[in-house]
Amino acid sequence: MNSIFAKLRLRGNVNKYRKMLSTNEDVFPIFEDMVTSTIPYAPGALSEPGEWFQLSDVSRADYALDIFSSDFNTLDFDSLAREEFSLIDFLFVKQGNTLATLNKGTQAIV
């Protein structure tokens, strides 16, 4: 099952994550088909056209969001309500064993 989630801009000790969609369809093309060239990310590094930065073992990094460092079940998340669209900070997709973040402004979503 592949899912799209939203992280909301909320304060305090509340659940900031919502499920937008769950589907058996691929959300993105297979990663290997879409990305042909990756380089390890380093501060100040520049990529060439067609290259993508790659972060490995993000779930074990000090800066990892709590959601990325633990196994989770989509049943643990409330569905995103229409009233919460303006609170979306970013989207992320869980497709198989891959987590991809999407840094889109809310105007692109609403």
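**Group meeting: contacts across the chain**

Okay, let's start with Leu-87, which sits in the loop between S5 and S6. Before I go on, keep in mind that this is a predicted model.

So, is Leu-87 buried, exposed or partly exposed? Partly exposed, with a relative accessible area of 29%. And what does Leu-87 touch, if we skip residues up to four places away in sequence? That would be Lys-7, Leu-8, Arg-9 and Leu-10. Take Leu-10 from that list: Leu-87 and Leu-10 are 77 residues apart along the chain, and their C-alpha atoms are separated by 7.5 Å.

Now hold on to Lys-7, one of the residues that Leu-87 touches, and let's talk charges. How many salt bridges do we get? The count comes to two.

Here's one of them: Lys-7 with Asp-89, where the closest N and O atoms are 3.4 Å apart. This pair links distant parts of the chain, with Lys-7 in strand S1, residues 2-8, and Asp-89 in strand S6, residues 88-95. That's 82 residues apart. How covered are the partners? Lys-7 is buried because its relative accessible area is 15%, under the 20% cut-off. Asp-89 comes in at 29% relative accessibility, so that residue counts as partly exposed.

On to Arg-18 and Glu-84, which form a salt bridge with the closest N and O atoms 3.1 Å apart. Again the pair links distant parts of the chain, 66 residues apart. Arg-18 is in strand S2, residues 17-23, while Glu-84 is in the loop between strand S5, residues 78-79, and S6. Buried or exposed, for Arg-18? Buried, at 11% relative accessibility. Glu-84 counts as buried as well, at 15% relative accessibility.

Right, aromatics. How many aromatic pairs does the structure hold? Four. I'll walk through two of these.

Tyr-17 and Phe-92 make an edge-to-face pair, 6.0 Å centre to centre, with 85° between the planes. Tyr-17 lies in strand S2 and Phe-92 in strand S6, so this pair ties together parts that are 75 residues apart in sequence. For the accessibility, Tyr-17 counts as buried at 9%, and Phe-92 is buried with a relative accessible area of 0%.

Phe-92 also pairs with Phe-90. That pair is tilted: 6.3 Å centre to centre and 50° between the planes. Why tilted and not edge-to-face? Because 50° falls short of the edge-to-face class, which needs planes over 60 degrees apart, and stacked would take under 30. Phe-90 is buried, and so is Phe-92.

Which residues do the ring pairs link into a cluster? Phe-5, Tyr-17, Phe-77, Phe-90 and Phe-92. If you have the viewer open, colour those and have a look.

Last item, the surface. There's a nonpolar surface patch of about 450 Å², made by Tyr-41, Phe-53, Leu-55 and Tyr-63. I'd pick out Tyr-63 here. Where does Tyr-63 lie? In the loop between strand S4, residues 51-54, and S5. Tyr-63 counts as exposed, because its relative accessibility is 56%, over the 50% cut-off.

To wrap up, then: Lys-7 pairs with Asp-89, Arg-18 pairs with Glu-84, ring pairs link Phe-5, Tyr-17, Phe-77, Phe-90 and Phe-92 into a cluster, and Tyr-63 helps make the nonpolar patch. Happy to rotate the model if anyone wants another look.

Technical notes: Residues are numbered from 1 along each chain as its sequence is written. This is a predicted model: local features need pLDDT of at least 70, side-chain atom pairs count only at pLDDT 80 or more; totals for chains, interfaces and linings use all residues. Side-chain values use heavy atoms; hydrogens and water are left out. A salt bridge is a side-chain nitrogen of Lys or Arg within 4 Å of a carboxyl oxygen of Asp or Glu. Helices (H or I, at least four residues) and strands (E, at least two) are DSSP runs, numbered from the N terminus. Buried means under 20% relative accessible area, exposed over 50%, partly exposed in between (1.4 Å probe, protein chains only). Rings of Phe, Tyr and Trp (its six-membered ring) pair if their centres lie within 6.5 Å; planes under 30 degrees apart count as stacked, over 60 as edge-to-face and the rest as tilted. Contact means heavy atoms within 4.5 Å. Patches are made of residues with over 30% relative accessible area and no salt bridge: like charges are joined within 9 Å, nonpolar side chains (Val, Leu, Ile, Met, Phe, Trp, Tyr) within 5 Å. Accessible areas come from the Shrake-Rupley method with a 1.4 Å probe; for residues, only the protein chains shown count as cover.
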